[in-house]
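Notebook open, structure loaded. I'm jotting things down in the order I looked them up.

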Amino acid sequence: PPSVSSLCLGPVHGALDYRHLSCARNLRTLTSIDTFMLDAEIRDLVLSPTIRTIRRVYTSGDRVPLAFDQLGYVDTAPVLEKLEIVCVAATEKDAAVILENAASGYDYDRSRVVLTSMSHMHNGTADHIAVFHREWSTSPLV
């Protein structure tokens with residue numbers, strides 16, 4: 001619906017053409033989970049006149065570099081306040097190491113690009129969906 005201001009897609013979603021979303025005028029936050037997004041998709045999202053936060057969430061460490069390869073677009077984003085790269089692993093420490101390794105060699109705006117480490121453990125079991133549900137249910141947006 002046009003009134004949607006926060007959208008979460010995934011795990012894995014198809015092509016995303018921001019310009020054709022009925023909620024594009026009101027969209028402030030976009031979360032994409034476990035996806036490869038084309039450069040054109042990322043460019044359109046960061047250059048949008050409404051999106052303030054983009055979250056790229058990865059539940060597999062080998063996909064994290066995909067987000068770093070597209071950080072150049074953030075420098076030209078007019079209203080984007082934050083691009084968050086989230087890595088989910090067995091422990092927050094494991095996720096932090098993955099993010100640090102992926103970030104090495106990249107020069108990016110650390111005031112706008114935020115690296116977040118999360119554990120996928122929930123009640124003693126690896127459960128990505130429960131982790132995201134917990135995060136969503138405790139969010140100030142809910």
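**Entry 1: the sheet**

I began with strand 4 and strand 5, which pair in the parallel sense over seven bridges. Note to self before going on: this is a predicted model. For a register point I picked V86, which stands opposite T116 in strand 5. On the strand 3 side, V86 is the bridge partner of V57. Strand 3 and strand 4 are parallel too, with six bridges between them.

Next I moved along to strand 2. It runs parallel to strand 3, and five bridges join the two. One register point there is T29, whose bridge partner in strand 3 is T53.

Then I asked myself in what order the strands form the sheet. I get 1-2-3-4-5: five strands, an open sheet, parallel pairing. Strand 1 and strand 5 (113-119) stand at the edges with a single partner strand each, so one side of each has no neighbour in the sheet. The twist from one strand to the next averages 15°.

I also checked helix 3 (residues 92-103), which packs on the sheet and touches strand 4 and strand 5. The direction of helix 3 makes about 150° with that of strand 5.

**Entry 2: what is covered**

How many of the residues of strand 4 are buried? I find seven of eight, so I'm writing strand 4 (82-89) down as mostly covered.

I then pulled up the nonpolar cores. The largest has 31 residues, and L45, V64, F68, L71, L80, L83 and I85 touch the most other members. Helix 1, strand 3, helix 2, strand 4 and helix 3 each supply at least two residues of this core. There is also a second, separate core of six residues, and V86 turns up again there, along with V88, M118 and V131 among its members.

I listed the contacts of L83 from the largest core, leaving out residues up to four places away in sequence. The list reads V46, I54, L71, V74, R112, V113 and V114. L71 is on that list and is also one of the residues that touch the most other core members.

**Entry 3: backbone oddities**

I went through the backbone for anything unusual. G10 and P11 are joined by a cis peptide bond, with omega about 0°. P11 sits in the loop between strand 1 (6-9) and strand 2 (29-33).

D34 caught my eye as well. Its phi is near 55°, which is positive although the residue is not glycine. I placed D34 in the loop between strand 2 and helix 1 (39-46).

**Entry 4: salt bridges**

I count seven salt bridges in the structure. I started with D34, since I already had it on screen. Its partner is R63, and the closest N and O atoms are 3.5 Å apart. R63 lies in the loop between strand 3 (53-58) and helix 2 (65-68), so the pair ties together parts that are 29 residues apart in sequence. Is D34 buried or exposed? Its relative accessible area is 10%, and the cut-off for buried is under 20%, so D34 counts as buried. R63, at 34%, is partly exposed.

R52 and E81 came next, with their side chains meeting in a salt bridge at 3.8 Å, N to O. This pair also links distant parts of the chain: R52 is in the loop between helix 1 and strand 3, E81 in the loop between helix 2 and strand 4, 29 residues apart. R52 is partly exposed at 28%.

Last on my list was D17 with R19, where the closest N and O atoms are 3.1 Å apart. D17 is partly exposed at 28%, while R19 is exposed at 57%. Through shared partners, salt bridges join D17, R19, R43 and D44 into one network.

**Entry 5: cysteines**

Final lookup: how many disulfides are there? I get zero. I wanted to know why, so I checked the sulfur of C8. The closest cysteine sulfur is in C23, 13 Å away, which is too far for a bond because the cut-off is 2.5 Å. Starting from C23 gives me C8 as the closest, again at 13 Å. I also noted that C23 is buried, at 6% relative accessibility.

Methods. Residues numbered from 1 in each chain as written. Predicted model: local features only at pLDDT ≥ 70, side-chain atom pairs only at ≥ 80, totals over all residues. Heavy atoms only, no water. Helix = DSSP H or I, 4+ residues; strand = E, 2+ residues; numbered from the N terminus. Salt bridge = Lys/Arg side-chain N within 4 Å of Asp/Glu carboxyl O. Buried < 20%, exposed > 50% of the residue type's maximum accessible area, 1.4 Å probe, protein only. Pairing = 2+ DSSP bridges. Axes fitted to C-alpha atoms, helices over the stretch in contact; angles between N-to-C directions. Contact = heavy atoms within 4.5 Å. Core = buried A, V, L, I, M, F, W, Y, C linked by side-chain atoms within 4.5 Å.
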